[in-house]
Amino acid sequence: MESRISLRCRECGRLFEPIALHVCDFCFGPLEVAYDYDAISETISRSSIEAGPRSMWRYHELLPVGNGEAITLGAGFTPLVKADRLGAVLGLKNLWVKNDTANPTGSFKDRVVSVALTKARQLGFTVAACASTGNLANSVAAHAARAGMDSIVLIPSNLEAAKIMMTAVYGGTVVAVEGTYDDVNRLCAELTSEHPSWAFVNVNVRSYYAEGSKTLAFETAEQLGWQAPDHVVVPIASGSQLTKIKKGFDELVKVGLIDSADVRISGAQAAGCSPVATAFAEGTDDIRPVKPDTIAKSLAIGNPADGYYALKVIEQSGGGCAAVTDAEILDGISLLARTEGIFAETAGGVTIASLKKLVENGTIIPDERVVVMVTGHGLKTVEALSGTVGPTVTIKPTLAAFDEALAGRSLSPNQEIS
Ligand SMILES: *Cc1c(COP(=O)(O)O)cnc(C)c1O
Ligand SMILES: [Zn+2]
């Protein structure tokens, strides 16, 4: 069955066998998975997908491994929530939140890891490894546990407590590195050659890993009644997710599941780590690496591997790219929570604050059908909120104390939406 896919160099177009290879032997360009879309369009249909599992694996025909052997905790098919209250605040008539906080380990990373480890096991690897800004570590450790694989994850030592705990609990090896994510990633690149029997999900099996992000586009289109939205807003760390969301919508057209995918794709970054947004604002292709300084640690990649490709997708699709401050990120978290009941981590705050900015600067048009990707759960980054939320009042356990404390107060003092 694997003959239906190959790896293709994004730069020179050369084709390779679907093995654990991520850069082109000839030009060092990155490799991506290529499919025989004509063959897939013969067998795939809306009804075959709708009859599949309520997970990302309902789209297995457009993933680089079959669903029979999937390593899965049930990632994907997360809610697409019509966000009318948030839309009203922002002046948008047709807004949806793709709530990927609902994934098994609380972030969109479960999509990419499920594909990467399934492929890795198929290729004979028994050890799952990664460099992570946190969410990837959670997901690799969990999926490795599920599959009975060993895991070794490397993280920056200054990560949020919940992300370290949520990785360590699954019993794998967790190495905290005194350095930035970019330092951790460099170390992992060296380890990849030292330990050829380890599957580094975002290094030597990165081409397969990346394919998991397409399912965000597939689900969005299906949940909109088999239509692409007009505009999506996507957070950028390495830029992989953004480029693959584009690939996902295009593939649905190629295999005949939707008629057109004229989707504008906008990026969201934290101002404290905004190499792509900065290049976009300056109108240059040259993405200059930065040293991250932001509360949005899951997006803190100063030298994004797919930054150039993400920038091209944004520009060619007619989207924009915003950068938002830490204060705006906290406002974004709170706005989403108060209007829609969705508690997102700092990366979600980046996306919501960027959405607001892109509406304000005219990139997003009020009646466009807009989908925002909210990619990680708020319980992962509670530190970021400390000192900003707490009990409305603290009282003695008596009716009198209650009446006195709440006399004349609105029941929703936090609902005064700016
Ligand atoms: C990893 C991550 C992203 C996006 O990552 P890319 O490297 O750009 O694909 C977005 N949101 C969260 C919460 C993440 O953990
Ligand atoms: Zn090449």
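**Pocket lining, ligand 1 and four residues**

Guide: In this predicted model, α7 gives the lining of the largest pocket its largest share, 5 residues.

Visitor: Which other elements supply at least two residues of that lining?

Guide: Besides α7 (181–194), they are β3 (31–35), α4 (109–122), α5 (135–147), α8 (206–211) and α10 (240–254). The lining has 47 residues, and N185, R206, S238, A305 and D306 lie nearest the centre of the pocket. The space in the largest pocket comes to about 960 Å³.

Visitor: What makes a residue count as part of the lining?

Guide: One of its atoms must lie within 4 Å of a grid point of the pocket. The largest pocket has 47 residues that pass. They divide into 21 nonpolar, 17 polar and 9 charged.

Visitor: Why is R58 called buried?

Guide: The cut-off for buried is under 20% relative accessible area. R58 has 6%, so R58 is buried. R58 sits in the loop between α2 (46–50) and β4 (80–82).

Visitor: What makes the pair R58 and P53 a polar contact?

Guide: The side chain of R58 reaches the backbone oxygen of P53 at 2.9 Å. The limit for a pair of N or O atoms is 3.5 Å, so the distance qualifies. Not counting residues up to four places away in sequence, R58 touches I49, E50, G52, P53, F77 and E222.

Visitor: Why is C12 called partly exposed?

Guide: C12 has 35% relative accessibility. That value lies between the 20% limit for buried and the 50% limit for exposed, so C12 is partly exposed. C12 is placed in the loop between β1 (5–9) and β2 (15–16). With neighbours within four places in sequence left aside, C12 is in contact with C24 and C27.

Visitor: How far apart are the C-alpha atoms of C12 and E50?

Guide: They are separated by 37 Å, with their positions 38 residues apart along the chain.

Visitor: How do you know that I236 is buried?

Guide: I236 has a relative accessible area of 0%. Set against the cut-off of under 20%, that value makes I236 buried. I236 lies in the loop between β10 (231–235) and α10. Among the residues that I236 touches beyond four places in sequence are L242, G267, V276, L299 and C321. From I236 to A300, 64 residues away in sequence, the C-alpha distance is 9.1 Å.

Visitor: Why does T133 count as buried?

Guide: T133 has 8% relative accessibility, which is under 20%, so T133 counts as buried. T133 is found in the loop between β6 (127–131) and α5.

Visitor: What makes T133 and S298 a polar contact?

Guide: A polar atom of the T133 side chain is 3.1 Å from the backbone oxygen of S298. That is within 3.5 Å, so the distance meets the limit. Apart from neighbours within four places in sequence, the contacts of T133 include L159, K163, Y181, K297, S298 and A300.

Visitor: Which residues come nearest to ligand 1?

Guide: Of the 15 residues around ligand 1, these are K109, N135, S238, Q241 and T375.

Visitor: How do you know that ligand 1 has polar contacts?

Guide: An oxygen atom of ligand 1 lies 2.9 Å from a backbone N or O atom of G239. For Q241, the distance from a backbone N or O atom to an oxygen atom of ligand 1 is 2.8 Å. A side-chain N or O atom of T375 is 2.6 Å from a nitrogen atom of ligand 1. The limit is 3.5 Å, so these pairs qualify as polar contacts.

Note on methods
Residues numbered from 1 in each chain as written. Chains lettered and ligands numbered in written order. Predicted model: local features only at pLDDT ≥ 70, side-chain atom pairs only at ≥ 80, totals over all residues. Heavy atoms only, no water. 1 Å grid on protein atoms, 1.4 Å probe; cavity = no way out; pocket = protein on both sides within 12 Å on 5 of 7 lines; lining within 4 Å. Points joined across faces, edges and corners; volume = space filled by probe spheres on them. Nonpolar A, V, L, I, M, F, W, Y, C, P; charged D, E, K, R; others polar. Buried < 20%, exposed > 50% of the residue type's maximum accessible area, 1.4 Å probe, protein only. Polar contact = N/O pair within 3.5 Å; in protein donor to acceptor, adjacent residues only side chain to side chain. Contact = heavy atoms within 4.5 Å. Near = heavy atom within 4 Å.
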